[in-house]
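User: I am new to reading protein models. Could you walk me through one, feature by feature?

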Amino acid sequence: MNVHTEPRPAIAARRFTLATDLDGTFLGGSDVDRATLYGWIEQNRDAVGLIFVTGRDPEFIMEMCRERGLPWPEYVVGDVGTTIAEVKPDGSIAPIEALEEDIAQRWGDKGGDVRAALDGHPGLALQPTDFRYRVSYDLTPSSYDATAEARVEALGLDWLISDNRFFDVLPKGVSKGPSIRRLVEHLGIPEGRVLCAGDTLNDLSMLASGLNAVAVGNSEPLLVHQLDGVDSVYHAKAHGAAGILEAIDALSLHDIPKGA
């Protein structure tokens with residue numbers, strides 16, 4: 001699948017926009033499920049918009065698109081919501097400065113303070129990537145000391161544990177949910193045409209944002225529990241890509257392939 005080189009209608013004018021997490025969600029399910037979803041998106045690009053909302057950094061996302069043949073998104077909310085960017089026709093990433101300015105101010109260049117505060121902290125191993133507005137750690141549940149959370153809060157920042165193996169330090173009030181809502185508003189996409197899709201706790205703020213949402217069938221149990229009673233969330237039975245198609249059909253957001 002190629003970078004989008006042909007002119008398309010503005011994303012706000014399309015019938016439907018999918019805002020999806022990657023690991024376990026867009027990349028989840030069987031090979032057949034993924035091929036069905038990806039092929040359907042490519043065949044309907046004039047009517048379907050695509051936004052990746054992920055903990056991955058944009059460069060990794062673009063490399064994955066090239067290597068794995070994923071449909072190319074038109075926008076990316078990356079780095080657990082701390083990056084909001086447009087994907088250019090040549091595959092390059094262009095941060096949307098008007099939306100990232102507030103994120104940068106909330107972060108206040110505190111990366112060094114975070115690393116110092118959590119240096120050697122039990123159960124946390126610093127990830128090597130130097131993100132712009134976040135610091136991320138691999139978490140070992142058996143040795144993790146929860147006092148890390150108070151240390152982060154003392155710096156005026158937020159923390160997030162997802163899949164019981166990742167610990168992210170984020171600007172106060174910044175995560176996937178607030179960032180996808182800001183992007184949708186910035187682009188003028190009617191909220192009723194958007195479906196957010198996810199499977200782990202770092203998707204919680206996005207799925208509970210009030211936009212149409214689906215927790216795919218393989219979702220983390222803690223995520224499912226915390227979404228209990230949230231009326232805007234559809235709980236799919238199918239896993240990964242098939243769960244996304246199930247929700248699109250159940251919520252009557254678009255016609256899906258016959259038999260999907």
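User: Let me start with two aromatic residues. Are Y137 and F167 buried or exposed?

Analyst: This is a predicted model, so keep that in mind throughout. A residue counts as buried when its relative accessible area is under 20%. Both Y137 and F167 are buried. For F167 the relative accessible area is 0%.

User: How are the rings of Y137 and F167 arranged?

Analyst: Look at two things: the distance between ring centres and the angle between ring planes. Planes over 60 degrees apart count as edge-to-face. The centres of Y137 and F167 lie 6.3 Å apart and their planes meet at 70°, so this pair is edge-to-face. The two residues come from distant parts of the chain. Y137 is in strand β7 (residues 135-139) and F167 is in strand β9, 30 residues apart.

User: Which aromatic pair is stacked?

Analyst: Stacked pairs have planes under 30 degrees apart. W159 and F167 are such a pair, with 6.3 Å centre to centre and 0° between the planes. Cover differs within this pair. F167 is buried, whereas W159 is partly exposed at 29% relative accessibility.

User: Which residues do the ring pairs link into a cluster?

Analyst: Y137, Y144, W159 and F167 are joined by ring pairs. The count of aromatic pairs comes to 6.

User: Now the overall build. How many helices and strands does the protein chain have?

Analyst: The protein chain has 10 helices and 12 strands. To judge compactness, compare the radius of gyration with what a globule rule gives. Here the radius is 18 Å, close to the 18 Å given by the rule for 260 residues, so the chain is as compact as a globular protein of that length. The C-alpha trace spans about 55 × 35 × 35 Å along its principal axes.

User: What share of the 260 residues counts as buried?

Analyst: In the protein chain, 51% of them do. Contacts add another view. Among contacts with a separation of 6 or more, 60% involve residues 24 or more positions apart. The outside can be read too. About 11,400 Å² is exposed, and carbon and sulfur atoms supply 48% of that area.

User: How far apart are the mean positions of the positive and negative charges?

Analyst: They are 3 Å apart, for 23 positive and 40 negative charges.

User: What should I look for in backbone angles?

Analyst: Most residues other than glycine have a negative phi. Exceptions deserve a look. V80 is not a glycine, yet its phi is positive, about 55°. D163 also has a positive phi of about 55° and is not a glycine.

User: Where are V80 and D163 found?

Analyst: V80 is in the loop between β3 (75-78) and β4 (83-87). D163 is in the loop between β8 (157-162) and β9 (166-171). Their cover differs. V80 is buried at 1% relative accessible area, while D163 is partly exposed at 32%.

User: How do I read the cover of a helix? How many residues of α10 are buried?

Analyst: Count the buried residues along the helix. Helix α10 (residues 240-250) is mostly covered, with 9 of its 11 residues buried. Among them are I244, L245 and I248.

User: What do the buried residues of α10 pack against?

Analyst: They pack against strands β1 (16-20), β10 (194-198), β11 (212-215) and β12 (233-235), and against helices α1 (22-26) and α2 (31-43). After α10 comes S252, with a positive phi near 55°.

User: Can loop residues be covered too? Where is N202, and what is N202 in contact with?

Analyst: N202 is in the loop between β10 and α8 (204-207). N202 is buried, at 11% relative accessible area. Beyond its neighbours within four places in sequence, N202 is in contact with V80, L160, S162 and K176. The C-alpha atoms of N202 and S162 are separated by 5.4 Å, although the residues are 40 apart along the chain.

User: And where is L118 found?

Analyst: L118 is in the loop between α5 (111-117) and β6 (124-126). L118 is buried, at 2% relative accessible area. Leaving aside neighbours within four places in sequence, its contacts include Y137, A148 and F167. That takes us back to the edge-to-face pair of Y137 and F167. The C-alpha atoms of L118 and A148 are separated by 6.8 Å, with their positions 30 residues apart along the chain.

Key. Residues are numbered from 1 along each chain as its sequence is written. This is a predicted model: local features need pLDDT of at least 70, side-chain atom pairs count only at pLDDT 80 or more; totals for chains, interfaces and linings use all residues. Side-chain values use heavy atoms; hydrogens and water are left out. Helices (H or I, at least four residues) and strands (E, at least two) are DSSP runs, numbered from the N terminus. The radius of gyration is taken over C-alpha atoms; the globule rule is 2.2 Å times the number of residues to the power 0.38. Buried means under 20% relative accessible area, exposed over 50%, partly exposed in between (1.4 Å probe, protein chains only). Contact means heavy atoms within 4.5 Å. Accessible areas come from the Shrake-Rupley method with a 1.4 Å probe; for residues, only the protein chains shown count as cover. Lys and Arg count as positive and Asp and Glu as negative; His and the chain ends are not counted. The place of a charge is taken as NZ of Lys, CZ of Arg, CG of Asp or CD of Glu. Rings of Phe, Tyr and Trp (its six-membered ring) pair if their centres lie within 6.5 Å; planes under 30 degrees apart count as stacked, over 60 as edge-to-face and the rest as tilted.
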